[in-house]
Amino acid sequence: YDVVTSYVCATLLHLLLLLKVCVFLFCFTQGNHHHLVQELYNDRLRFKSYFMLTLEPFELLHEKVPTRTDTNMRKPIRSKERFSICLRFLATGDSFVNIAFSHRVGTSTVATIVDEVTRLNWDVLWKFPDFTGAIDGKHVVLQAPPNSGSLHFNYKGTRSIVLLALVDAHYLFHAIDVGIERGKTWHSSGQKALDLCHMFLLEMKLSRCKINLMRLSPVVDNVFGILSNQWRVYRRVMALTPEKAEAIVKATCILHHFCF
């Protein structure tokens, strides 16, 4: 009887130990999205603090992000996790390496997700309405791109791309363009926002319009301050190519509208 009891106890201990190992391996291979984010769904305040976005627009926007197809190597990263990885980068400006560790994915995977999701947000969601408001620019600091010379050098002594924005009195963007400024010449990848800005500058000749624009000018600075406070990626030097940094800037301008 004692031998049987000892054997049963030893077997149960081995099974318990095996269960603990399985739980540990499961937790090790599942990152923040599968643990912390699921808990945040029950606390809206902490959810917004973590993603800088409320739950409703999060659910709306992640459906726009496609899920990669299955492969023989591993299961794909679903749209919700891809969107949460991108949002966390924008909200913190943290390195791809740290975000990869916290989500248990590869560093190159994080870089690819951020690039694809930010470009998708711009292509799918942004529209250019006919609107007149106040215009101003913001330097977005970059790490000097290889072999760029003085191309991205600005008067502040840093390397940057410029966010040119047309803003209304409600702290919302109505037209933006992102590019580089060389002397008095503007170079960018888009033209529609520039056309709106040229029309806007012509209207500035009207004295009444000038008075209204003087009232709006502090609003533009406030919008840039809100943008930097909401998305901490602006508080760090972006160690990215100008093209990828441009996609990030555009994506944050899109997400800015969902925060009001």
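Reader: What makes the pairing of Glu56 with Arg44 a salt bridge?

Author: In this predicted model, the closest N and O atoms of Glu56 and Arg44 are 2.5 Å apart. A salt bridge requires a side-chain nitrogen of Lys or Arg within 4 Å of a carboxyl oxygen of Asp or Glu, so the pair qualifies. Glu56 lies in helix α4 (residues 55–62) and Arg44 in helix α3 (residues 44–51), so the pair ties together parts that are 12 residues apart in sequence. The whole structure holds 5 salt bridges.

Reader: Why are α5 and α6 called oblique to each other?

Author: Helix α5 (residues 79–92) and helix α6 (residues 96–103) pack at about 140°, their axes 11 Å apart. Angles under 35 degrees count as roughly parallel, over 145 as roughly antiparallel, 65 to 115 as roughly perpendicular and the rest as oblique; α5 and α6 are therefore oblique. Their crossing is right-handed.

Reader: Which residues make the contact between α5 and α6?

Author: Helix α5 contributes Glu81, Ser84, Ile85, Arg88 and Phe89, and α6 contributes Phe96, Ile99 and His103 (contact means heavy atoms within 4.5 Å). These residues divide into 4 nonpolar, 2 polar and 2 charged.

Reader: How does confidence vary among the elements of the protein chain?

Author: By pLDDT (the predictor's confidence in each residue, from 0 to 100), strand β4 (residues 185–188) has the lowest mean, 47, and helix α10 (residues 242–257) the highest, 92. The chain averages 77, with 73% of the residues scoring at least 70.

Author: Residues are numbered from 1 along each chain as its sequence is written, and side-chain values use heavy atoms, leaving out hydrogens and water. Local features need pLDDT of at least 70 and side-chain atom pairs 80 or more, while totals for chains, interfaces and linings use all residues.

Definitions and conventions
Axes are lines fitted to C-alpha atoms, for helices over the stretch in contact, and angles run from 0 to 180 degrees between N-to-C directions. Helices (H or I, at least four residues) and strands (E, at least two) are DSSP runs, numbered from the N terminus. A crossing is left-handed if the near helix is turned anticlockwise from the far one by less than a right angle, and right-handed if clockwise. Ala, Val, Leu, Ile, Met, Phe, Trp, Tyr, Cys and Pro count as nonpolar, Asp, Glu, Lys and Arg as charged, and the others, Gly among them, as polar.
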